[in-house]
Number of protein chains: 2
Amino acid sequence: MFELHPRLKADTIPVIDWPLCRILLMNECAWPWLVLVPRRHGITEIHELDAGDREMLIQEIAAISTRLQNLSGADKMNVAALGNMVPQLHIHIIARFKDDPAWPKPVFGFQAPNPYDAEFLAEHMPQMVDALGDGPG
Amino acid sequence: MFELHPRLKADTIPVIDWPLCRILLMNECAWPWLVLVPRRHGITEIHELDAGDREMLIQEIAAISTRLQNLSGADKMNVAALGNMVPQLHIHIIARFKDDPAWPKPVFGFQAPNPYDAEFLAEHMPQMVDALGDGPG
């Protein structure tokens, strides 16, 4: 049975479930940063998903990446499945700007987390859910 | 017309062309590290590929990742499309080990490049080409 890894649970805010993935917002206000977690038990690598799930994964990655880039006006999207610290398969989708604090380096481990303000989240989360919609179609 | 970005050309050794991607070996002997470049002109983001190319991309990512993990005996595979420095869409597939120099951090920018020895390459490249084969099927 699918259960979110405790570390991902601690570091993120749930946004919405899409057909394959749970979409999470990384609790880091320096970058618009979503995390996709395929709701499949015991998977650590993209190649462990079956072919149908892999196709759904790339369509969800593309759709989330398009929408997050449109919402944020990012210069570049970064897409990465690393998982050296949290083994459960998860894909980072990060909006990057040429004037962001880490540019052009990757954001991972760049600085200590800057969590969102609760009031900001309460105000903007419904818009985020609305803008993402319920699937890639 | 597809042309490999000069920076990717300088940093890698060509291995083989698959149906969608050109497969390159990063010239960095600290990690078994392949780079997949979809042979499409002017693409910088995964979501700019059409749906059919995206499906082929995820199947090629999965197949290369499986084969590189099997060849290397890696503990974890890292898959990433960043492109902040080289805009041409390219996907890193890196074999990671719990005792590698950067573990558990990402490898990007971790240390100055350690190019392969020419003799090592001449000996091992044919095996690499053979082990990868000509497509994901």
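A:Arg39 is partly exposed, at a relative accessible area of 23%; here buried means under 20% relative accessible area, exposed over 50%, and partly exposed in between (1.4 Å probe, protein chains only). This is a predicted model, in which local features need pLDDT of at least 70 and side-chain atom pairs count only at pLDDT 80 or more, while totals for chains, interfaces and linings use all residues. Residues are numbered from 1 along each chain as its sequence is written, chains are lettered from A and ligands numbered from 1 in the order in which they are written, and side-chain values use heavy atoms, with hydrogens and water left out.

A:Arg39 makes a good starting point for a look at the charged pairs. With A:Asp17 it forms a salt bridge, the closest N and O atoms being 3.6 Å apart; a salt bridge is a side-chain nitrogen of Lys or Arg within 4 Å of a carboxyl oxygen of Asp or Glu. A:Arg39 lies in the loop between strand 3 (33–38) and helix 2 of chain A, and A:Asp17 in strand 1 (residues 12–17) of chain A, so the pair ties together parts that are 22 residues apart in sequence. Helices (H or I, at least four residues) and strands (E, at least two) are DSSP runs, numbered from the N terminus. A:Asp17 is partly exposed as well, with a relative accessible area of 34%. The pair also belongs to a network of salt bridges that links A:Asp17, A:Arg22 and A:Arg39. In general, side chains of opposite charge can pair when their charged atoms come close.

Chain B has a salt bridge between B:Asp17 and B:Arg39, with the closest N and O atoms 3.6 Å apart. B:Asp17 sits in strand 1 (residues 12–17) of chain B and B:Arg39 in the loop between strand 3 (33–38) and helix 2 (51–72) of chain B, so this pair, too, ties together parts 22 residues apart in sequence. Both residues are partly exposed: B:Asp17 has 34% relative accessibility, and B:Arg39 has 23%.

A salt bridge within one helix joins B:Asp11 to B:Arg7, with the closest N and O atoms 3.0 Å apart. The two residues lie in helix 1 (residues 6–11) of chain B, four residues apart, which is about one turn of the helix. B:Asp11 is partly exposed at 29% relative accessibility, and B:Arg7 is partly exposed at 42%. Over all chains, the structure holds twelve salt bridges.

How are the two chains related? Chain A is superposed on chain B by a rotation of 180 degrees with 0.0 Å of shift along its axis (RMSD 0.0 Å), the fit being by least squares on the C-alpha atoms of residues with pLDDT of at least 70 in both copies. That is the relation of a two-fold axis. In chain A, the C-alpha nearest the axis belongs to A:Ala80, 2.0 Å from it. Both copies use the same surface, as 100% of the contact residues of chain A recur in chain B; contact means heavy atoms within 4.5 Å.

The contact draws 29 residues from chain A and 29 residues from chain B. About 2,700 Å² is buried between chain A and chain B, with carbon and sulfur atoms giving 55% of that area; buried area is the accessible area (1.4 Å probe) that two parts lose on being put together, summed over both. A:His47, A:Ile58 and A:Asn84 supply 23% of the area that chain A buries against chain B, more than any other three residues.

Two salt bridges cross the interface of chain A and chain B. In one such pairing between chains, the side chains of B:Glu45 and A:Lys76 meet at 3.1 Å, N to O. Between the chains there are also 24 residue pairs in polar contact, both residues being at pLDDT 80 or more. A polar contact is a pair of N or O atoms within 3.5 Å; within protein, one must be able to donate a hydrogen and the other to accept it, and residues adjacent in sequence count only if both atoms are side-chain atoms. On the side of chain A that touches chain B, helix 2 (51–72) and strand 4 (76–81) of chain A each supply at least two residues. Helix 2 of chain A gives the largest share of that side, nine residues.

B:Gln88 is found in the loop between strand 4 (76–81) and strand 5 (91–96) of chain B. Is B:Gln88 buried or exposed? B:Gln88 is buried, with a relative accessible area of 13%. Its side chain reaches the backbone nitrogen of B:His5 at 2.8 Å.
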